[in-house]
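This report describes selected features of one protein model, from confidence and side-chain pairing to helix packing and backbone geometry. The sequence and structure are shown first.

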Amino acid sequence: MEFLNMSYLNDPSSNSEMRLQAVRGYYELEMYDDAWDELKEIEKKYPVTPLILQMKILLLLQEKSWEVALGLSEKLQRMEPDNGAGFIQGAYCLHEMQRTDEALELLESAPDSLRSDAIYFYNKGCYQAVIGNIERAFDCIKKSFDLDESLIDVARKDPDLTILKDSI
């Protein structure tokens with residue numbers, strides 16, 4: 001269970017982004033059908049933007065549609081190569097598809113700006129733990145906690161980090 005950050009959807013500066021806030025609200029309330037309905041209306045009226053793609057990917061992740069979400073994550077990486085969301089979400093898809101080594105490679109290719117993000121280190125730590133690199137996993141998880149202490153509670157429940165439970 002990796003942690004996915006939705007903070008990039010916090011700044012509604014246009015009508016489409018305000019509507020995306022409604023999608024996000026439905027998503028957070030676990031009203032996924034309503035979220036999809038609203039997103040489909042947005043897609044009819046507005047060109048695809050990185051924010052629209054990010055929300056669509058989150059909905060696909062919730063549905064465990066890993067292949068489709070991975071394809072959109074790759075598109076997001078091309079649209080905004082300096083935005084870490086496509087890399088985090090793409091790596092998560094790869095990991096869920098049992099391609100954890102590739103997930104780590106994707107995170108390593110992410111923009112430098114992502115290397116100051118707690119979610120980057122948290123997910124990297126999860127993937128390292130899954131492939132058995134316990135020391136690296138612990139270092140990454142510790143770094144994520146240094147950047148965001150709220151991740152400690154998330155980590156205690158994360159099945160990917162079972163091997164580190166006594167250290168968290």
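A salt bridge is counted here when a side-chain nitrogen of Lys or Arg lies within 4 Å of a carboxyl oxygen of Asp or Glu. Asp112 and Arg115 satisfy this definition, since their closest N and O atoms are 3.7 Å apart. The model in which this pair occurs is a predicted one.

## Confidence

The average pLDDT of the protein is 91, and 92% of the residues reach a score of at least 70. The pLDDT falls below 50 over residues 7-13, a stretch that nevertheless has 18 contacts in the model beyond near neighbours in sequence. Where pLDDT is low, predicted coordinates should not be read in detail.

## Salt bridges

Side chains of opposite charge can pair when their charged atoms come close. Nine salt bridges are found in a search of the whole structure. Three of them are set out below, with the relative accessible area of each partner.

| Acidic residue | Basic residue | N to O distance |
|---|---|---|
| Glu38 (buried, 16%) | Arg19 (buried, 19%) | 2.6 Å |
| Asp112 (exposed, 65%) | Arg115 (partly exposed, 26%) | 3.7 Å |
| Asp146 (exposed, 55%) | Lys142 (partly exposed, 42%) | 3.6 Å |

The salt bridge of Glu38 with Arg19 links distant parts of the chain: Glu38 belongs to helix H2 (residues 32-45) and Arg19 to helix H1 (residues 15-28), 19 residues apart. Glu38 has a relative accessible area of 16% and therefore counts as buried, the limit being under 20%. Arg19, at 19%, is likewise under that limit and so is also buried.

The salt bridge of Asp146 with Lys142 lies within one element. Both residues are in helix H8 (residues 134-147), with a separation of four residues, or about one turn of the helix. Asp146 counts as exposed because its relative accessibility of 55% is over 50%. Lys142, with 42%, is partly exposed.

In the salt bridge of Asp112 with Arg115, the acidic residue Asp112 is exposed at 65% relative accessibility. Its partner Arg115 is partly exposed at 26%.

## Packing of H5 and H6

The axes of helix H5 (residues 85-96) and helix H6 (residues 100-108) are 7 Å apart, and the two helices pack at an angle of about 170°. Because angles over 145 degrees count as roughly antiparallel, H5 is roughly antiparallel to H6. On the H5 side the contact is made by Phe87, Ile88, Gly90, Ala91, Leu94 and His95, and on the H6 side by Thr100, Glu102, Ala103, Leu106 and Leu107. Classified by residue type, this contact comprises seven nonpolar, three polar and one charged residues.

Another residue of helix H6 is Asp101. Asp101 is partly exposed, with 49% relative accessibility. The C-alpha atom of Asp101 is separated by 7.7 Å from that of Ile131, which is 30 residues away along the chain.

## Buried positions in H3 and H7

Leu58 is placed in helix H3 (residues 50-62). With a relative accessible area of 1%, Leu58 is buried. Between the C-alpha atoms of Leu58 and Gln89 the separation is 8.1 Å, although the two residues are 31 residues apart along the chain.

Gln128 is part of helix H7 (residues 118-131). Its relative accessible area is 6%, which means that Gln128 is buried. When residues up to four places away in sequence are not counted, Gln128 touches Leu104, Asn133, Arg136 and Ala137.

## Positive phi angles in loops

Most residues other than glycine have a negative phi. Which residues have a positive phi although they are not glycines? Glu30 is one of these, with a phi of about 60°. Glu30 is located in the loop between H1 and H2. With 58% relative accessible area, Glu30 is exposed.

Lys64 also has a positive phi, of about 65°, and is not a glycine. Lys64 is found in the loop between H3 and helix H4 (66-79). The relative accessible area of Lys64 is 58%, so this residue is exposed.

Key. Residues are numbered from 1 along each chain as its sequence is written. This is a predicted model: local features need pLDDT of at least 70, side-chain atom pairs count only at pLDDT 80 or more; totals for chains, interfaces and linings use all residues. Side-chain values use heavy atoms; hydrogens and water are left out. pLDDT is the predictor's confidence in each residue, from 0 to 100. Contact means heavy atoms within 4.5 Å. Buried means under 20% relative accessible area, exposed over 50%, partly exposed in between (1.4 Å probe, protein chains only). Axes are lines fitted to C-alpha atoms, for helices over the stretch in contact, and angles run from 0 to 180 degrees between N-to-C directions. Angles under 35 degrees count as roughly parallel, over 145 as roughly antiparallel, 65 to 115 as roughly perpendicular and the rest as oblique. Ala, Val, Leu, Ile, Met, Phe, Trp, Tyr, Cys and Pro count as nonpolar, Asp, Glu, Lys and Arg as charged, and the others, Gly among them, as polar.
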